[in-house]
Each structure stands twice: as C-alpha cells, then as structure tokens.
Amino acid sequence: MALLPPFLNGISRKKRAQIISIDLGGRTTKAVLLERRGETFALTRYALLDAPSYDKKISAEQLGDHLRAVAQALGNPTKYISVAVGLADAVVRQVELPQIPMDEMRHILKMNHKNYLQQDLPNHVFDCYIIPPRAQTAAAKAPETNRAGGATAKFKVLVAAAKQQLVDDFLQATSSAGLVADSLTPSLLGPINTFEQALPEVYEKETVALVDIGFKHTSVCVLDRGELSTNRVINIGGDQITSGLAEMKNISYAEAEGIKMGMPTEVQEELQMQVAPLSREIRASMDFFEHQQDRPVTQVYVSGGSARSEMIVQMLHSEIMAECKTWNPTGFLQLALPGQQAVEIEHIGPQLTVAIGTALAAF
C-alpha cells in the first residue's frame with residue numbers, strides 16, 4: 001500500500017529535508033526526527049515524553065505546550081511536524097467509489113458517510129487514497145458497462161475520517177507552539193507504511209497480520225500481498241494488561257508494569273490470563289479474513305511497547321496458533337543517533353513504529 005494522503009496537507013507540499021513526526025500515545029508520546037538523504041532516510045533523533053494526560057481530554061493550549069516540548073526535546077531542527085491521529089480518533093475503512101476526482105469522492109463521503117462507512121459521522125473531515133489494482137487483476141478484468149454503454153468501473157478506496165474539531169484543535173495547538181502542521185495521518189497506517197519499507201519482500205508477496213499494541217488500544221491490519229485487506233481496532237492495550245496484573249497480585253500499577261516488562265516469568269500465569277483476551281480478539285480478526293478470502297495468514301508481526309516483552313509475544317504465539325514475531329522498524333533507516341540513543345534504539349525501536357510510518361507519509 002502506498003501512503004494515504006493525510007487529512008491536512010501543508011500549504012507547500014515540497015519534499016521536506018526533515019520532518020518531526022509525533023505519535024501522541026495514551027501514556028507516552030513518541031517522536032522521531034527523520035531526514036531525507038538522497039534516496040534513503042536517516043533517523044537522527046527520537047524522544048519519549050510523558051503524555052500530558054491519559055485519563056481526560058486536553059485543551060488545544062495544553063496540546064500546544066506539549067508539542068513545543070516535543071520539538072525542544074528533538075533540538076528544534078525544523079518547524080514542520082506530522083502527527084498521528086490516534087486509533088480512537090480516526091475511522092479507516094476500505095470502500096468502492098466511482099472513478100471520479102478526489103474532491104468529488106470526499107464530497108460523496110461527506111454527504112453519504114453512513115451508507116459507505118456504516119457509521120453516522122457528522123462534522124467529520126474525510127480523506128481518500130485510491131488503492132492501485134494488482135497488475136494481474138487489472139489486466140484480467142474488463143470494466144463493466146451500464147445500459148447506456150458508459151463505464152461503471154469503480155475504484156477500491158481507502159477512506160479515513162476524523163472529527164473536524166480534532167483537526168481544528170491540532171491546527172490551533174501547532175500554531176501556538178510556533179510550528180507548522182505538515183500533515184495528520186491515521187496512526188493505524190503507521191505500522192503499514194513502516195513495514196512496507198522495512199520488509200518489502202514479505203510485504204509484497206505474503207499474507208501477514210500487523211499487530212501494534214498501544215496503551216489503550218491494539219490495531220490489527222491484515223496485509224494480503226501488499227494490499228490492506230482487513231483492519232480492526234481492539235479496545236485492549238498494555239494498560240489493561242498491567243492493570244489486571246496489578247489487581248491479581250495486589251501490587252501497584254508501577255510495580256506491575258516493571259514486572260511485566262522486566263521479570264515476566266515471576267507472574268507468568270497471571271500475565272497469561274491478561275494476554276489471553278487480546279489473543280482471542282486478534283485470532284478472530286484473522287479468522288474473519290481467512291473465511292472471507294480463503295487464504296491463511298502466515299505470520300503475525302508485533303510492534304508497540306508490549307512487543308518489547310519476549311514473553312508476551314510468545315504468549316500471543318501460543319494463543320493465536322500462528323507464528324508471532326517482533327520486527328525492526330528502523331532496519332531500513334540510516335541510524336545517525338547521538339550517544340545513548342544509539343545504544344538504546346534496539347530496545348526502544350518497537351515503540352517508534354507509528355511515528356516512523358507517520359513521518360514517511362509526510363515525505
């Protein structure tokens with residue numbers, strides 16, 4: 001899949017030399033500074049900051065302060081930023097639309113979103129990406145015609161929607177931080193964009209599931225030979241696993257998080273019980289695709305903060321009954337990181353998957 005055009009296009013779409021990309025997580029904000037170097041990209045710095053608030057909505061002013069702090073943590077190298085819209089804040093669907101100009105597609109969706117997206121989405125902004133047909137499919141399938149002899153062929157289109165207020169808040173926050181909003185991109189697409197660059201052979205030739213475990217939610221995207229076939233957001237994330245573990249062991253949240261990531265063998269039985277519901281939901285998403293397409297999902301690639309736990313990935317493997325593995329989202333990048341960041345990137349990498357993919361969408 002090529003990159004989905006973002007909700008918000010910068011005034012100038014010239015190729016950027018640098019971009020700050022920000023993944024506003026529920027508990028931790030992840031940010032990267034990517035730099036274009038000829039035909040390749042370099043990761044020159046990253047930052048992990050506490051989210052301004054993970055239990056309530058923050059104001060545009062608070063968000064502006066936070067964005068300013070992120071840019072400062074990266075050294076204020078550029079004013080252009082690209083932001084990932086969270087899993088709970090964006091709707092992503094695949095639909096069929098007539099072969100008409102993009103602006104007309106957006107208008108159709110705005111007027112008929114309930115019919116196309118099976119949701120009532122008033123006061124939303126819509127964007128589209130036309131999915132290129134597979135070469136063999138395009139060659140084999142002649143366009144249908146209507147009674148008047150005109151073509152009725154349709155495009156497969158990836159559609160994204162977000163609340164207009166959310167877009168307005170981002171614009172206000174970015175402006176107050178002295179930055180320029182280059183793009184807004186659904187975070188669900190970040191792992192796909194990154195995976196395409198990191199493992200192009202697998203991306204183009206295999207049928208795999210990408211699972212990104214966030215703080216409150218987990219995204220599951222089934223890629224069938226380079227095409228996004230199924231996507232789903234599961235309302236289970238690292239927070240629910242940690243909270244359940246804390247309750248079962250009668251320990252603090254911080255202690256449970258430390259044990260979950262650092263000493264999981266000591267709470268293996270309890271951790272298994274917390275991971276099992278997530279495993280079942282991932283398996284159900286894969287089953288839906290396999291029953292619809294009669295093709296097996298051969299491998300599951302896991303990213304996100306919880307992917308740093310080898311035991312959690314092993315538990316997913318045993319429950320899902322398919323090979324689960326972590327992957328390196330920075331493998332295709334030149335690494336030009338300062339001191340300690342160069343040492344820690346291998347451990348931190350899985351958390352940066354969405355931010356890297358969001359940066360790629362902006363270049």
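This report walks through the predicted model of a single chain, from its overall build to a few individual residues.

## Ground rules

The model is predicted, so to speak of local features a pLDDT of at least 70 is needed and side-chain atom pairs count only at pLDDT 80 or more, while totals for chains, interfaces and linings use all residues. Residues are numbered from 1 along each chain as its sequence is written, and side-chain values use heavy atoms, with hydrogens and water left out.

## The chain as a whole

Let's start with the overall build. The chain holds 12 helices and 14 strands; helices (H or I, at least four residues) and strands (E, at least two) are DSSP runs, numbered from the N terminus. Its radius of gyration is 21 Å, close to the 21 Å that the globule rule gives for 363 residues, so the chain is as compact as a globular protein of that length. That radius is taken over C-alpha atoms, and the globule rule is 2.2 Å times the number of residues to the power 0.38. Along the principal axes, the C-alpha atoms fill a box of roughly 70 × 50 × 40 Å.

Half the story is inside: 50% of the 363 residues count as buried. Buried means under 20% relative accessible area, exposed means over 50%, and partly exposed lies in between (1.4 Å probe, protein chains only). Of the contacts with a separation of 6 or more, 69% join residues 24 or more positions apart, where contact means heavy atoms within 4.5 Å.

## Surface and charge

The accessible surface of the chain is about 17100 Å², and carbon and sulfur atoms make up 49% of it. These areas come from the Shrake-Rupley method with a 1.4 Å probe; for residues, only the protein chains shown count as cover.

The chain carries 34 positive and 40 negative charges, whose mean positions are 6 Å apart. Lys and Arg count as positive and Asp and Glu as negative, with His and the chain ends not counted. Each charge is placed at NZ of Lys, CZ of Arg, CG of Asp or CD of Glu.

## How far to trust the coordinates

The mean pLDDT of the chain is 89, and 90% of the residues score at least 70; pLDDT is the predictor's confidence in each residue, from 0 to 100. Among the elements, strand β9 (residues 207-213) has the highest mean value, 98, and helix α3 (residues 135-140) the lowest, 48.

Two stretches call for care. Residues 1-5 have a pLDDT below 50, yet this stretch has 26 contacts in the model beyond near neighbours in sequence. Over residues 136-145 the pLDDT also stays under 50, and the model has 9 contacts there beyond four places in sequence. Where pLDDT is low, the predicted coordinates should not be read in detail.

## An enclosed helix

Helix α12 (residues 353-362) has 10 of its 10 residues buried, so it is largely enclosed by the rest of the structure. Among these buried residues are Val354, Ile356 and Leu360.

## Two unusual backbone angles

Most residues other than glycine have a negative phi. Glutamine 118, however, has a positive phi of about 55°, and asparagine 123 also has a positive value, near 55°. Glutamine 118 lies in the loop between α2 (102-117) and β6 (124-130), and asparagine 123 is in the loop between α2 and β6 too. Glutamine 118 is exposed, at 59% relative accessible area, as is asparagine 123, at 65%.

## Residues worth a look

Glutamate 96 sits in strand β5 (residues 90-98) and is partly exposed at 48% relative accessibility. Setting aside neighbours within four places in sequence, glutamate 96 is in contact with Tyr116, Lys154 and Phe155. Aspartate 127, in strand β6, is buried with a relative accessible area of 1%.

Leucine 335 belongs to strand β14 (residues 334-335) and is partly exposed at 46%. Its C-alpha atom is 5.8 Å from that of alanine 42, although the two are 293 residues apart along the chain. Leucine 335 is in contact with Leu43, Thr330 and Ile345, leaving aside neighbours within four places in sequence. Leucine 337, in the loop between β14 and α11 (339-348), is buried at 13% relative accessibility. Beyond residues up to four places away in sequence, leucine 337 touches Leu43, Thr44, Arg45, Tyr46, Ala342 and Ile345.
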